[in-house]
Amino acid sequence: MSFGRIFFFIFGFALLEVIVLAQVAGMIGWPVTIIATVTTALLGSFLFRRQGLDTWIRLNQKMQQGDMPGQEMVEGIMLLLGGALLITPGFITDAVGFALLLPTSRRLMARRIIAKGTLQGFATQRQGGFTYTAYTQHSGQPFQQPADRNDGHVTIDGESQRTD
């Protein structure tokens with residue numbers, strides 16, 4: 001996507017937000033509109049902290065069990081985006097931000113993103129190091145691991161040592 005397209009998308013979206021804010025303010029008044037905008041930002045901040053902590057705890061639990069926390073990682077990114085959208089003044093960004101912060105809708109969207117399978121990564125631990133294998137598929141079809149492990153993947157073996 002070129003810079004021009006990104007610029008016009010952001011400009012168009014900001015213009016749409018201003019139009020919606022003006023329409024809402026015309027119906028309920030500017031003071032109530034400003035109070036509603038500030039209230040959603042504060043509520044979003046509280047929800048972001050709470051949901052972020054819950055996701056962080058689930059991520060740590062999965063990692064301690066030796067599982068890949070893919071769902072939690074996608075949800076973490078969605079939480080960051082949702083929090084940023086709620087801080088941005090406007091009713092459209094608030095609606096999208098709340099959808100990304102509310103657990104039910106966020107988990108549903110995260111499952112759909114994972115099921116799409118555009119990028120899948122697998123990590124295994126072994127004594128003294130790790131192995132990370134990433135598979136990519138750009139067709140938009142659900143991910144399927146190749147039957148022959150020598151086609152379509154990259155494996156990076158590494159050793160790690162703590163030097164405190």
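A residue counts as buried when its relative accessible area is under 20%, as exposed when that area is over 50%, and as partly exposed in between. By this measure, 24% of the 164 residues of the protein chain are buried. The structure described here is a predicted model.

## Overall architecture

The secondary structure of the protein chain consists of five helices and three strands. Read from the N terminus, the elements follow the order α-α-α-α-α-β-β-β. Among contacts between residues at least 6 apart in sequence, 51% join residues at least 24 apart.

## Helix α1 and its packing against α2

Helix α1 comprises residues 3-28. How far apart should the ends of its 26 residues be, at 1.5 Å a residue? The expected span is 38 Å, and the end C-alpha atoms are 37 Å apart, which agrees with that expectation. After α1 comes G29, a residue with a positive phi, near 100°.

Which residues of α1 are buried? They are E17, L21 and A25. Their numbering can be read against a general property of helices. An α-helix has 3.6 residues a turn, so residues three or four places apart point the same way. The cover over the buried residues of α1 includes α2 (30-64) and α4 (91-101).

Two packed helices are described by the angle between their axes and the distance between the axes. For α1 and α2, the angle is about 125° and the axes lie 7 Å apart. The two helices are therefore oblique to each other. On the α1 side, the contact involves L21, A22, V24, A25 and I28; on the α2 side, it involves W30, V32, T33 and T37. Of the residues in this contact, seven are nonpolar, two are polar and none is charged. L21 and A25 thus appear both among the buried residues of α1 and in the contact with α2.

## Salt bridges around E75

The whole structure contains five salt bridges. Three that involve E75 are listed below.

| Pair | Closest N to O distance |
|---|---|
| E75 and R58 | 2.7 Å |
| E75 and R106 | 3.1 Å |
| E75 and R107 | 3.9 Å |

Why does the pair of R107 and E75 count as a salt bridge? The cut-off for a side-chain nitrogen of Lys or Arg and a carboxyl oxygen of Asp or Glu is within 4 Å, and the closest N and O atoms of R107 and E75 are 3.9 Å apart.

The salt bridge of E75 with R58 links distant parts of the chain, since E75 belongs to helix α3 (residues 70-87) and R58 to helix α2, 17 residues apart. E75 is buried, because its relative accessible area is 0%.

In the salt bridge between E75 and R106, E75 lies in helix α3 and R106 in helix α5 (residues 103-116), so this pair ties together parts that are 31 residues apart in sequence. Both E75 and R106 are buried.

The salt bridge of R107 with E75 also runs from helix α5 to helix α3, so it ties together parts that are 32 residues apart in sequence. Is R107 buried or partly exposed? R107 is partly exposed, because its relative accessible area is 27%.

These pairs belong to a wider arrangement: R58, K62, E72, E75, R106 and R107 are linked in a network of salt bridges.

Key:
Residues numbered from 1 in each chain as written. Predicted model: local features only at pLDDT ≥ 70, side-chain atom pairs only at ≥ 80, totals over all residues. Heavy atoms only, no water. Helix = DSSP H or I, 4+ residues; strand = E, 2+ residues; numbered from the N terminus. Expected span 1.5 Å × (residues − 1). Buried < 20%, exposed > 50% of the residue type's maximum accessible area, 1.4 Å probe, protein only. Contact = heavy atoms within 4.5 Å. Axes fitted to C-alpha atoms, helices over the stretch in contact; angles between N-to-C directions. Parallel < 35°, antiparallel > 145°, perpendicular 65-115°, else oblique. Nonpolar A, V, L, I, M, F, W, Y, C, P; charged D, E, K, R; others polar.
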